[in-house]
Amino acid sequence: MKRGTKVATAGGSLVALALLAGSMTVTQPPPTGPDTAGAPMVPVGLVSFDSCADALTELRAAATASVGPYGLPGDVLKAAIGGAESAARTFAGAPGDAAGRDAGADYSTTNNHEAGADEPDLVKTDGRRIVTVTGGVLRVVDPVSRRVTGRLDLAGGHEELRWQDHRLLLLGDRALVLGEDPPRPADALRSIRRPGGARLLLIGLSGRPVVLGTYRIQGSTVDARLTGDTARVAVRSSARLEFPLTAEGTDQVRTERNREVIARAGVEAWLPEYEWTAGPERHTGRVGCDRLSRPERMTGWSTLTVLSFDLTRDRLGDGDPVSVAADTDTVYGTATSLYLAGPRPEPITGKPRWRPSSAEPVTDIYQFDTAAPGRPRFLAAGSVPGRLINQYALSEWAGHLRVATTTGEFRDDGSESESAVRVLRRDDGTLLPVGVVGGLGRGERIYSVRYLGPVAYVVTFRQTDPLYALDLADPAAPVVTGELKITGYSAYLHPLPEGRLLGVGQEADARGRTKGVQVSLFDVRDPGRPDRLDQWHLPGGWSHAEHDPHAFLYRPDTGLVALPVDAGVRLLRVSGDTVSEIGEVTHPVGGDSSRRRWGPPVRRSLVVGDVLWTVSEAGLRATDPASARSLAWIAAT
């Protein structure tokens with residue numbers, strides 16, 4: 001069987017025909033020899049299938065090698081027993097437009113990872129209006145009159161959608177809402193028989209909010225980015241294989257039964273189906289074999305599809321899908337590039353993949369060009385040893401990609417782990433390693449990463465928190481310039497003016513036991529001697545911003561920090577070398593006020609003019625950020 005066809009290059013640019021049109025193949029020569037850290041680099045690439053028959057043969061083979069007595073690993077097993085698919089969602093971004101780049105704006109934007117690549121969130125504002133989705137209801141709020149001016153119930157009679165997180169992107173008078181479809185009977189949508197799926201809604205906001213169009217696809221939304229007028233949505237779909245639910249027989253017997261299921265499956269088990277509507281129009285389709293590519297090694301577990309939508313139109317259309325038969329679960333985007341990353345499947349050794357393995361993990365990375373509107377164009381692929389913590393670990397700068405990973409085992413039995421930052425350069429379709437700085441946090445793992453141009457800060461933790469300062473100006477020779485060891489850790493790092501850095505995480509004792517949320521103000525002006533200037537600590541507290549940077553707000557014009565802590569929001573002020581507390585913003589939850597801490601948490605903060613707005617499932621509150629005094633309350637009715 002023909003494995004693939006090389007695609008010629010011109011002017012140093014790889015023309016990825018497999019993702020533009022037709023069924024040509026994209027490959028790239030594997031890097032040879034070890035990378036600069038001494039760990040062998042494993043080749044990676046994307047290959048398109050010559051036909052649907054070839055696709056089916058290879059997908060069956062990969063799934064057969066992966067299957068065990070209880071089905072395929074991960075989401076596929078959940079789908080096989082009738083549960084809703086639930087892909088790993090990683091929303092971690094370094095500080096972005098809202099926090100550090102809109103000092104002159106009269107409203108805050110989402111705390112994005114990169115400028116020019118807006119990320120979906122549960123609330124958006126353009127300064128004229130606040131749009132949020134909570135409890136399955138989209139609301140439009142006028143920040144001047146402090147009234148709800150539009151309301152649209154998105155649940156459609158499905159009460160389970162009221163408990164679901166919806167996220168949205170906002171462009172002019174259009175909002176794209178990302179959610180999950182509830183399970184439906186087979187005859188309700190004949191082309192999609194699996195329970196649930198990703199659901200996208202295009203909402204018009206020029207008057208009363210109205211649904212202009214919908215899009216449904218098998219799978220679950222991983223993440224999305226809005227660059228220019230184009231929204232690109234990544235959806236992960238599990239193979240739809242119905243394994244017999246029986247405990248009879250040995251593991252070997254059950255595994256053979258499951259292999260028989262795979263042998264009978266058609267290619268449609270791996271190609272996601274979709275449906276889109278515009279007014280009374282309804283269209284259905286399936287991702288074509290000519291739109292599907294695969295890495296050199298795959299598991300047959302899942303497919304990652306990237307959809308592209310022009311948000312200036314009155315309909316979503318078919319999404320112009322492109323798919324990769326890979327297990328990627330991390331999305332990182334810039335204004336011109338989209339990166340998909342995830343763990344590489346283990347090689348076929350005769351040992352069933354569903355059994356634990358001691359093989360060192362490898363992360364595969366795929367780069368796509370998103371500078372132009374429409375479908376993304378594949379550019380390059382590469383690999384690095386170890387695991388990513390989330391999209392924080394990735395950064396594109398000056399023509400290079402920086403990647404922070406942890407290798408080795410992180411256990412209490414003395415197994416060693418360490419972390420490194422590698423610098424990759426795109427060369428003729430391959431992301432080649434050009435430099436590495438390793439040996440970070442031996443016996444620990446990465447908790448947060450923040451890149452600031454040629455400088456990077458990495459936090460590792462097990463018992464104490466080493467904050468490493470790295471100089472990446474020379475891609476071939478990155479170096480550690482300084483290190484600060486303190487108790488606790490920072491799970492999120494945010495740049496501040498005048499060479500300062502803010503860390504949000506947990507305080508801990510000398511044995512590494514956490515003691516409550518802390519905010520650390522670091523002085524990083526001297527790269528050889530990072531120092532902590534001040535600390536704010538709440539014993540026993542926790543903050544959602546430790547895991548979701550969208551929950552963090554910083555205003556450089558006033559020094560305001562709005563940090564969700566437990567069920568409320570603590571307002572802090574950073575001034576010079578100190579961190580002080582202004583007060584707390586809470587939302588009413590009814591009943592005994594002493595139980596307020598355990599009510600629906602305040603999840604987001606934003607600023608319009610000189611007013612702070614906070615959002616929870618209970619409603620929105622307008623607050624004076626200088627005093628924490630309440631100005632208005634809008635209940636979510």
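Student: What span should the 15 residues of H1 have, and how far apart are its end C-alpha atoms?

Tutor: The expected span is 1.5 Å times one less than the number of residues, so H1 should cover 21 Å, and its end C-alpha atoms are indeed 21 Å apart, which agrees. Helices (H or I, at least four residues) and strands (E, at least two) are DSSP runs, numbered from the N terminus. Please keep in mind that this is a predicted model, where local features need pLDDT of at least 70 and side-chain atom pairs count only at pLDDT 80 or more, while totals for chains, interfaces and linings use all residues. Residues are numbered from 1 along each chain as its sequence is written, and side-chain values use heavy atoms, leaving out hydrogens and water.

Student: What do the buried residues of H1 pack against?

Tutor: They pack against helix H4 (251–264) and S16, and among them are Ala55, Leu59 and Ala62.

Student: What makes cysteine 52 and cysteine 289 a disulfide?

Tutor: A disulfide is a pair of cysteine sulfur atoms within 2.5 Å, and here the sulfur atoms are 1.9 Å apart, so the pair qualifies. A search of the whole structure finds one disulfide. Cysteine 52 lies in helix H1 (residues 52–66) and cysteine 289 in the loop between strand S15 (281–286) and strand S16 (292–294), so the link ties together parts that are 237 residues apart in sequence.

Student: Why do cysteine 52 and cysteine 289 count as buried, exposed or partly exposed?

Tutor: Buried means under 20% relative accessible area, exposed over 50%, and partly exposed in between (1.4 Å probe, protein chains only). Cysteine 52 has 38%, so partly exposed is the right label, whereas cysteine 289 has 9% and therefore counts as buried.

Student: And how do you know whether threonine 230 is buried or exposed?

Tutor: Its relative accessibility is 6%, so threonine 230 counts as buried. This residue sits in strand S13 (residues 230–238). Contact means heavy atoms within 4.5 Å, and the residues that threonine 230 touches include Arg225, Phe309 and Pro373, not counting residues up to four places away in sequence.

Student: What makes S9 and S10 a strand pair?

Tutor: Two strands pair if DSSP finds at least two bridges between them. Strand S9 (residues 174–181) and S10 have eight bridges and are antiparallel, so they pass that test. Strand S10 (residues 197–204) is mostly covered, with eight of its eight residues buried. Seven bridges join S10 to strand S11 (residues 210–217), again in the antiparallel sense, and a hairpin of five residues connects S10 to S11.

Student: Why are tyrosine 447 and tyrosine 489 called stacked, edge-to-face or tilted?

Tutor: Rings of Phe, Tyr and Trp (its six-membered ring) pair if their centres lie within 6.5 Å; planes under 30 degrees apart count as stacked, over 60 as edge-to-face and the rest as tilted. These centres are 4.5 Å apart and the planes stand at 50 degrees, so the pair is tilted. Tyrosine 447 lies in strand S27 (residues 445–452) and tyrosine 489 in strand S31 (residues 489–496), so the pair ties together parts that are 42 residues apart in sequence. Tyrosine 489 also forms a tilted pair with phenylalanine 461, at 4.9 Å centre to centre and 50 degrees between the planes.

Student: How do you know whether tyrosine 447 and tyrosine 489 are buried or exposed?

Tutor: Tyrosine 447 has 17% relative accessibility, so this residue counts as buried, and tyrosine 489 is buried with 10%.
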